[in-house]
Amino acid sequence: MLTRCRLCPVRCGADRTTARGACGAGEYAEVVKYGLHPYEEPCISFARGSGTVFFAGCALRCAFCQNYEISHGGRGEKADAARLSALFAELEERGADNINLVTGAHYVPQIAAALRLRRPKIPVVWNTHSYETEEALREIDPYIDVYLPDLKFFSPKISARYTGKADYFSVASRAVSFMAKRRCELQGGKMVAGCIVRHLVLPLCVNDSIEVMRWFLSLGTGAYFSLMGQYTPCGESGKFPELSRRLTAREYKKAEDFLLASGYENIFLQARSAADEKFIPDFTDKKDSLF
Ligand code: SF4
């Protein structure tokens with residue numbers, strides 16, 4: 001697979017044994033940072049924090065990515081299956097409530113190999129942009145307990161503007177349909193199995209958010225929906241005048257009102273105070289902590 005990579009919908013065909021693909025990935029998984037994350041949804045960060053692993057590179061590459069420095073050309077520690085497996089074990093020993101794999105879609109075979117070596121005793125979370133093929137998802141599925149997929153855009157025009165990918169919704173909606181089938185199970189408030197679909201409301205895009213929610217609600221699964229209002233200008237957002245500001249209270253409220261009016265109960269809403277750079281992991285330092 002790695003000599004002519006077609007793992008993700010970009011299907012760039014890179015020989016990853018000698019070069020990097022369009023996602024920035026080479027032969028080995030690259031880990032930029034890992035640690036205990038206190039700011040995920042309460043059932044994910046739970047008591048001691050989510051054992052979060054940030055991988056370098058990304059196949060989707062949103063212009064406004066809050067992890068821009070690692071998703072667009074970022075480099076990390078090259079980790080083979082044994083190293084990745086040891087790193088998961090270290091997080092478990094540090095008391096993590098789960099292993100949270102952030103944007104690992106371009107490393108599915110490498111991550112699956114690590115999880116085959118040793119299965120963590122805590123839930124494994126697949127934290128994804130959802131721009132994934134169903135084949136790749138089926139490969140990682142046996143090792144995943146909790147899915148944490150983003151569903152970012154409905155309109156092809158908007159996804160093309162911010163990611164260069166007009167097919168985002170057609171790809172991601174298939175992936176989310178697959179992930180949302182996972183039955184939710186909480187133990188004492190901690191999610192041990194299930195799916196939380198996340199959506200970040202963007203400035204001037206509330207109507208698109210409503211289409212995303214309308215589609216999600218039509219799925220009729222018991223998956224949770226997490227409506228996020230934490231947008232903060234990052235990365236290349238300066239190239240898009242409409243992305244140079246945070247959300248207004250009115251914009252978030254319009255999206256929130258739609259979700260509440262639906263009567264759907266499995267939801268998470270975010271306080272507007274979450275739109276603060278202090279909640280964005282610091283990838284520049286070498287400290288153990290993420291923030
Ligand atoms: S995972 Fe990376 S290298 Fe493979 S097809 Fe996608 S963009 Fe190309």
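Leu204 sits in the loop that links strand S8 to helix H8. In this predicted model, the phi angle of Leu204 is near 65°, a positive value in a residue that is not glycine. Leu204 counts as partly exposed, because 15 C-beta neighbours lie inside 10 Å.

A second loop residue invites a side-by-side look. Thr103 is found between strand S4 (99–102) and helix H4 (108–117). Its phi is near 50°, again positive in a residue other than glycine. Is Thr103 buried or exposed? Thr103 counts as buried, because it has 25 C-beta neighbours inside 10 Å.

**Around strands S8, S9 and S10**

The loop of Leu204 belongs to the stretch between S8 and H8, and the chain goes on from there. Strand S8 (residues 190–200) pairs with S9 in the parallel sense, over five bridges. To get from S8 to S9 the chain passes through helix H8 (residues 206–219), and this β-α-β crossover is right-handed. Within the pairing, His199 stands opposite Leu227 of S9.

Strand S9 (residues 224–228) is largely enclosed by the rest of the structure, because four of its five residues are buried. S9 also runs parallel to strand S10 (residues 267–269), joined by three bridges. Here Ser226 stands opposite Phe268 in S10. Another right-handed β-α-β unit is made by S9, helix H9 (residues 249–262) and S10.

Ser209 is a good place to pause in helix H8. Ser209 counts as buried, because it has 26 C-beta neighbours inside 10 Å. Setting aside residues within four places in sequence, which residues is Ser209 in contact with? They are His199, Val201 and Ala255. His199 is ten residues away along the chain, and the two C-alpha atoms are separated by 7.5 Å.

Val201 has a longer list of partners. Apart from its neighbours within four places in sequence, Val201 is in contact with Val206, Ser209, Leu227, Met228, Gly229, Tyr231, Leu247, Glu251, Tyr252 and Ala255. Val201 is also one of the residues with the most contacts inside the largest nonpolar core, together with Phe55, Ile111 and Val197. That core has 85 residues. Its largest share, six residues, comes from helix H7 (residues 168–179).

**Around strands S1, S2, S3 and S4**

Phe55 leads us to another group of strands. Strand S1 (residues 29–37) is largely enclosed by the rest of the structure, because nine of its nine residues are buried. S1 pairs with strand S2 (residues 50–55) in the antiparallel sense over six bridges. S1 is also joined to strand S3 (residues 77–79) by three bridges, and these two run antiparallel as well.

S2 is mostly covered too, with six of its six residues buried. What lies on each face of S2? On one side are Ser50, Thr52 and Phe54, on the other Gly51, Val53 and Phe55, and all of them are buried. S2 also runs parallel to S4, with four bridges between them.

Here are some of the bridge partners in this group of strands:

| Residue | Bridge partner | Strand of the partner |
|---|---|---|
| Glu30 | Lys78 | S3 |
| His37 | Ser50 | S2 |
| Leu36 | Gly51 | S2 |
| Phe54 | Val102 | S4 |

Val32 gives a closer look at S1, the strand in which it is placed. Val32 is buried, because 20 other C-beta atoms lie within 10 Å, and the cut-off for burial is 20 or more. Not counting residues up to four places away in sequence, Val32 touches Phe54, Phe55, Ala56, Ile70, Gly74, Gly76 and Phe283. A long span separates Val32 from Asn266: they are 234 residues apart in sequence and 33 Å apart in space, C-alpha to C-alpha.

**The ligand and its surroundings**

How many residues surround the ligand? There are 15, and the closest are Cys5, Cys8, Cys12, Gly21 and Cys23. Sorted by class, this shell has ten nonpolar, two polar and three charged residues.

Terms used. Residues numbered from 1 in each chain as written. Predicted model: local features only at pLDDT ≥ 70, side-chain atom pairs only at ≥ 80, totals over all residues. Core = buried A, V, L, I, M, F, W, Y, C linked by C-beta atoms within 7 Å. Buried ≥ 20, exposed ≤ 12 C-beta atoms within 10 Å, placed from the backbone. Contact = placed C-beta atoms within 7 Å. Pairing = 2+ DSSP bridges. Right-handed = clockwise from strand over helix to strand, strands pointing away. Near = placed C-beta within 6 Å. Nonpolar A, V, L, I, M, F, W, Y, C, P; charged D, E, K, R; others polar.
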